[in-house]
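Me: I would like to go through this model by question and reply. Please keep the replies short.

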Amino acid sequence: MCRITFGQETVKRLKEELEKAYGRGDKQAVRRLSVLLMVGKRMSLASILAVWNVSSQTVYNWLEEFTRRRWESLRYEKAPGRPPRLTKTQKRRLAGWIEAGPEASGYASGCWSSILIQDLIMQKFHVLYHRFYVCELLRHLGFSFQKARFVSDHLDADARQRWLESEFPGILQQAKKLNASLFFGDEASFALWGSLSYTWGRRGHQPQVPTTGLRKGYKVFGAIEFFSGRLIYQGTEQRFQSDSYQAFLLHLLSQVAGPIILIQDGARYHTSKATREFLEQHQERLTVYQLPSYSPDYNPIEYLWKKVKTNATHNRYFAEFVKLVKSVDQALKVFATQSTEILRLMGIYTKHLADPSAA
């Protein structure tokens, strides 16, 4: 199989014939032409058989016939009528299968490709689409080619729904009743070796960012206020732990007059015995609520950290730790003056800001 080679003109003609076969919905020709092209690319027989449901003898027969009769061996009777297309009902079913993932349809893969979806359409509806048209079809169905993201398998959908529909509105009512400040709190680490992001660069020359490689980070505790967009933060070189967290809470209490309601996640130092004792000592002014587990997307300050990294560390070189600290502090200082920008981060909670009666 690997001794067979086709010239450039032959490969070009095979590709042209394949396009025509797809256009007229000729499944038999598509299969044979695709196999011949794979042979011409010196692909192994095992690879060919893995893609196309044919026997090894069939592949040898097609190759022998093409070698002997050339283009005459590819002549088939033209199928009458227009090529078949999916109905609206079939498209809805296809969309459902795609959303369920390849494994649910029996494929040994977690990633959809145009080739797999082409095969899915063929297996389910006996309709042959060119794989490039498959991409166009997917766009019309509301799909795009995108990178997946991790979601914890411990995520509790019911708890998240309760938080949005009853728990947060209840906290909001409490804040209004007490005339309390309502903060979302969190922390972030900014690495001395910097962070990478997309940027424009000359084609063929990937942008390069120097790095010290030193594993040291600048730690920042922060809190953003729901009603005003106020930002309060405190940087430290210490690790994230109960002591450093309590130091930030004292800083928060010193910066804000009156009662404070703080919404936080379930980090260990947020809920440790020492922190719980600290909160009991300051319960007259400070009330803390926990976000649903594994729900960073419900904490608006997470989006602030991303903006800070964009402005302060992405694609930047820090030869000294003090330069990193200066860059991060400068970005935070700017955001601290932009309450409107902070309020825009509230995302799913914005409706409560727009409609005072929503709570």
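Me: How many positive and negative side chains does the chain have, and how far apart do the centres of the two sets lie?
Reply: This is a predicted model, in which local features need pLDDT of at least 70, side-chain atom pairs count only at pLDDT 80 or more, and totals for chains, interfaces and linings use all residues. Residues are numbered from 1 along each chain as its sequence is written, and side-chain values use heavy atoms, with hydrogens and water left out. Lys and Arg count as positive, Asp and Glu as negative, while His and the chain ends are not counted; a charge is placed at NZ of Lys, CZ of Arg, CG of Asp or CD of Glu. The chain has 51 positive and 33 negative side chains, and the two centres are 8 Å apart.

Me: How many helices and strands does the chain have?
Reply: Helices (H or I, at least four residues) and strands (E, at least two) are DSSP runs, numbered from the N terminus. By that count the chain has 15 helices and five strands.

Me: Is the chain more spread out or less spread out than a compact globule, and what is its radius of gyration?
Reply: The radius is taken over C-alpha atoms, and the globule rule is 2.2 Å times the number of residues to the power 0.38. For 359 residues the rule gives 21 Å. The chain is well over that, so it is more spread out than a compact globule, with a radius of gyration of 30 Å.

Me: What box do the C-alpha atoms fill?
Reply: The box is taken along the principal axes. Its dimensions are roughly 90 × 50 × 35 Å.

Me: What percentage of the residues is buried?
Reply: Buried means under 20% relative accessible area, exposed over 50%, and partly exposed in between (1.4 Å probe, protein chains only). Of the 359 residues in the chain, the buried share is 40%.

Me: Among contacts between residues at least 6 apart in sequence, what percentage joins residues at least 24 apart?
Reply: Contact means heavy atoms within 4.5 Å. Of the contacts in the chain between residues at least 6 apart, the share joining residues at least 24 apart is 68%.

Me: Which element gives the largest share of the largest nonpolar core?
Reply: A nonpolar core is a set of buried Ala, Val, Leu, Ile, Met, Phe, Trp, Tyr and Cys residues joined through side-chain atoms within 4.5 Å. The largest one has 37 residues; Phe168, Leu182, Leu304, Val308, Val328 and Tyr349 touch the most other members. Elements giving two or more residues include helix H8 (157-178), strand S1 (181-191), helix H12 (301-312) and helix H13 (321-335). The largest share, seven residues, comes from H13.

Me: How many residues are in the other core?
Reply: This core lies apart from the largest one. Leu18, Tyr22, Val35 and Met38 are among its members. Its size is 24 residues.

Me: Which residues does Val308 touch, not counting those up to four places away in sequence?
Reply: Val308 is one of the residues that touch the most other members of the largest core. Its contacts beyond those sequence neighbours are Phe190, Thr313, Val328, Ala331, Leu332 and Phe335.

Me: Is Leu14 buried or exposed, and how far in space is it from Arg285?
Reply: Leu14 is found in helix H1. Its relative accessible area is 0%, so Leu14 is buried. Beyond neighbours up to four places away, Leu14 touches Phe6, Leu33, Leu36, Leu37, Phe66, Trp71 and Leu74. Arg285 is 271 residues away in sequence, and the C-alpha to C-alpha distance is 77 Å.

Me: Which residues is Thr10 in contact with, leaving aside neighbours within four places in sequence?
Reply: Thr10 lies in helix H1 (residues 8-23). At 12% relative accessibility, Thr10 counts as buried. Its contacts are Phe66, Arg70 and Trp71.

Me: What is phi of His126?
Reply: Most residues other than glycine have a negative phi. His126 is in the loop between helix H6 (114-125) and helix H7 (131-140). At 55% relative accessibility, His126 counts as exposed. Its phi is positive, near 55°.

Me: Where is Asn179?
Reply: Phi of Asn179 is positive, near 55°. Asn179 is exposed, with a relative accessible area of 69%. Its place is the loop between H8 and S1.
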